[in-house]
Amino acid sequence: MTPQTLAALAEARAAKRPVVLATRLTDGTQHLLPAPDAPSDLAAAAAQALADDKSGTVKLGDGDWFLHVHNPPLRLIVVGAVHIAQALVPFAAQLGYAVTVVDPRRAFATDERFPNVSVLTDWTDEAVDALAPDTRTAVVTLTHDPKLDDPALDRALRSPAFYIGALGSRKTHAARLKRLRALGHEEASLARIRGPVGLDLEAVTAPEIALSIAAELVAVRRGSPLARKPEERAAA
């Protein structure tokens, strides 16, 4: 590995930017991908490796390449130390997410309610800013309180988080969107919010709602058709 490639790899990892170090096994030629000058077949293979989150060898026209995936860790920021959060945290942990629960209400955000989980009691916008969501971060708001959910959603929408979900009915979500428009968010940005959060499983109980959210996280991350919104399915 050249000093330039090593420095570029270190920079990408520090910035939590997903990259693939591709090495041709026959002669040691290397590319750090994505890169604008990379061969198209190698670029496509690297993109697929990032999506699959899996390193391995691929056969291309110019030889065998080992693709070493350097993905930032999966993270989930849960705003609201509520019953649904208590059910969601174990699901998310089993899916490989490092979970942080955010709630300034100290009566809810306790180690007893969330053992072995990172809990922040900062105000929600400050906490999301400090956590700096990246392309491997999901943000879910569960409090039903605009004073807590809206600041977190505002910050999440200004980040590259791959998933943003908010608990609440369609009526509640419509009012939420109106408030977020007043904060300067345009329709394309607001469309990133999944509200009501979770796949439509007709969930009722806290564990069922948590399951629907965990299922939607998987569907979105893996590009499943189940992740499409109703209007997107109708247009497909």
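Select Thr141 to begin: at 0% relative accessibility this residue counts as buried, a term that means under 20% relative accessible area, with exposed meaning over 50% and partly exposed lying in between (1.4 Å probe, protein chains only). Thr141 has its place in strand S8, where helices (H or I, at least four residues) and strands (E, at least two) are DSSP runs numbered from the N terminus. If neighbours within four places in sequence are left aside, Thr141 is in contact with Val79, Asp149, Ala152, Leu153, Gly165, Ala166 and Leu167, contact being heavy atoms within 4.5 Å.

What you are viewing is a predicted model, in which local features need pLDDT of at least 70 and side-chain atom pairs count only at pLDDT 80 or more, while totals for chains, interfaces and linings use all residues. Residues are numbered from 1 along each chain as its sequence is written, and side-chain values use heavy atoms, with hydrogens and water left out.

Now zoom out to the whole protein, whose secondary structure comes to 9 helices and 10 strands and whose C-alpha trace spans about 60 × 45 × 35 Å along its principal axes. Of its 236 residues, 45% are buried, and among the contacts with a separation of 6 or more, 59% are between residues 24 or more positions apart.

Next, select helix H4 (residues 124-131) together with helix H5 (residues 146-157), whose axes come within 7 Å and cross at roughly 30°; axes here are lines fitted to C-alpha atoms, for helices over the stretch in contact, and angles run from 0 to 180 degrees between N-to-C directions. That crossing angle makes H4 roughly parallel to H5, since angles under 35 degrees count as roughly parallel, over 145 as roughly antiparallel, 65 to 115 as roughly perpendicular and the rest as oblique. To see the contact itself, show Thr124, Asp125, Val128 and Asp129 of H4 with Leu148, Pro151, Ala152, Arg155 and Ala156 of H5.

Keep H5 on screen and add helix H6 (residues 170-182): the axes of H5 and H6 come within 11 Å and cross at roughly 60°, and the two helices are therefore oblique to each other. On this side, Pro146, Asp150, Leu153, Asp154 and Leu157 in H5 meet Arg176, Arg179 and Leu180 in H6. By class, this contact of H5 with H6 has 4 nonpolar, no polar and 4 charged residues, where Ala, Val, Leu, Ile, Met, Phe, Trp, Tyr, Cys and Pro count as nonpolar, Asp, Glu, Lys and Arg as charged, and the others, Gly among them, as polar.

Turn then to the largest nonpolar core, which has 31 residues, with Leu76, Leu142 and Ile213 having the most contacts inside it; such a core is a set of buried Ala, Val, Leu, Ile, Met, Phe, Trp, Tyr and Cys residues joined through side-chain atoms within 4.5 Å. Among the elements that give two or more residues to this core are helix H3 (83-94) and helix H8 (206-222), and H8 gives the most, with 7 residues. Centre the view on Ile213, which, leaving aside neighbours within four places in sequence, is in contact with Ile84, Leu88, Val140, Leu142, Tyr163, Val197 and Gly198. Apart from this core lies another, of 18 residues, among them Ile77, Val128, Ala152 and Ile164.

Finish at Asp200, in the loop between strand S10 (193-194) and H8, which at 67% relative accessibility counts as exposed. Asp200 and Ser212 are 12 residues apart in sequence and 7.1 Å apart in space, C-alpha to C-alpha.
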